[in-house]
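Good morning, everyone, and thank you for making the time. I would like to walk you through a structure that will be new to most of you, so please take a moment to look at it on the screen.

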Amino acid sequence: MNERAGLEAIRDREVLITGGLGFIGSNLAIALVELGARVILLDSMREDHGGNLFNVEPIRDRVTINFSDVRDESSLFLGRSTCPAVLLASPADSPR
Ligand SMILES: NC(=O)c1ccc[n+]([C@@H]2O[C@H](COP(=O)([O-])OP(=O)(O)OC[C@H]3O[C@@H](n4cnc5c(N)ncnc54)[C@H](O)[C@@H]3O)[C@@H](O)[C@H]2O)c1
C-alpha cells in the first residue's frame, strides 16, 4: 500500500483514542480528523495529567468525547468492536 492509499484508508474509519484530550492524543486526533476519520476521544481528565478540552478546540464539533476512565471496561465499547484504537492511557498506567 503506498502512502496515499494508506491515508485514504483512514477516511470514514472510526478510531478510538484513549487519553485523547492530552498532548499526544489531541494532536493525533486533529491529524486524523483532517484525514476524514471519525474520532472518539476517551479521557478521564485526570488532574495530574495534561488533558484539556482546549487541546481539541479546532475539532471540538467533529469528534465524540467520552469522559470516562479506561479502567472501566464498558467505556471501551463505545466504538465498534472492529474500531482501531490508539491507547495513550491504559489500565496498566493507571493503578487504582
Ligand atoms: N509527551 C511526550 O513527549 C511523551 C513521550 C514519550 C511517552 N509519552 C507517553 O505517552 C502517553 C501520553 O502522553 P501525553 O504527553 O499525551 O500525556 P498527557 O498527560 O498530556 O495526556 C494523557 C491523557 O490521558 C488521560 N488519562 C490518564 N489516565 C487515564 C485513564 N485511566 N482513563 C482515561 N484517560 C486517562 C489524561 O487525563 C490525559 O488527558 C503517556 O503515557 C506518556 O508517558 C509521552
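I will begin with the overall make-up and then turn to the sheet and a helix that lies across it.

Please keep in mind throughout that what you see is a predicted model. The protein contains two helices and four strands, and if you follow the chain along its sequence, these elements come in the pattern α-β-α-β-β-β.

Let me turn to the sheet, where the four strands are arranged in the order β3-β2-β1-β4, forming an open sheet with parallel pairing. At its edges are β3, covering 63-66, and β4, covering 85-87, each of which pairs on one side only. On average, and with direction ignored, neighbouring strands in this sheet are turned by 15 degrees against each other.

If we look at one pairing in detail, strand β1, residues 14-18, is joined to β4 by three bridges, and the two run parallel. Within this part of the sheet, Ile17 stands opposite Val86 in β4.

Which strands does helix α2 lie across? This helix, formed by residues 23-34, lies across β1, β2, β3 and β4, and with respect to β2, which covers 38-42, the helix runs at about 165 degrees.

Finally, two figures describe the protein as a whole. Of its 96 residues, 28% are buried, and if we take the contacts between residues at least 6 apart in sequence, 68% of them join residues at least 24 apart.

Notes. Residues are numbered from 1 along each chain as its sequence is written. This is a predicted model: local features need pLDDT of at least 70, side-chain atom pairs count only at pLDDT 80 or more; totals for chains, interfaces and linings use all residues. Two strands pair if DSSP finds at least two bridges between them. Axes are lines fitted to C-alpha atoms, for helices over the stretch in contact, and angles run from 0 to 180 degrees between N-to-C directions. Two residues are in contact if their C-beta atoms, placed from the backbone, lie within 7 Å. A residue is buried if 20 or more other C-beta atoms lie within 10 Å of its own, exposed if 12 or fewer, and partly exposed in between; C-beta atoms are placed from the backbone.
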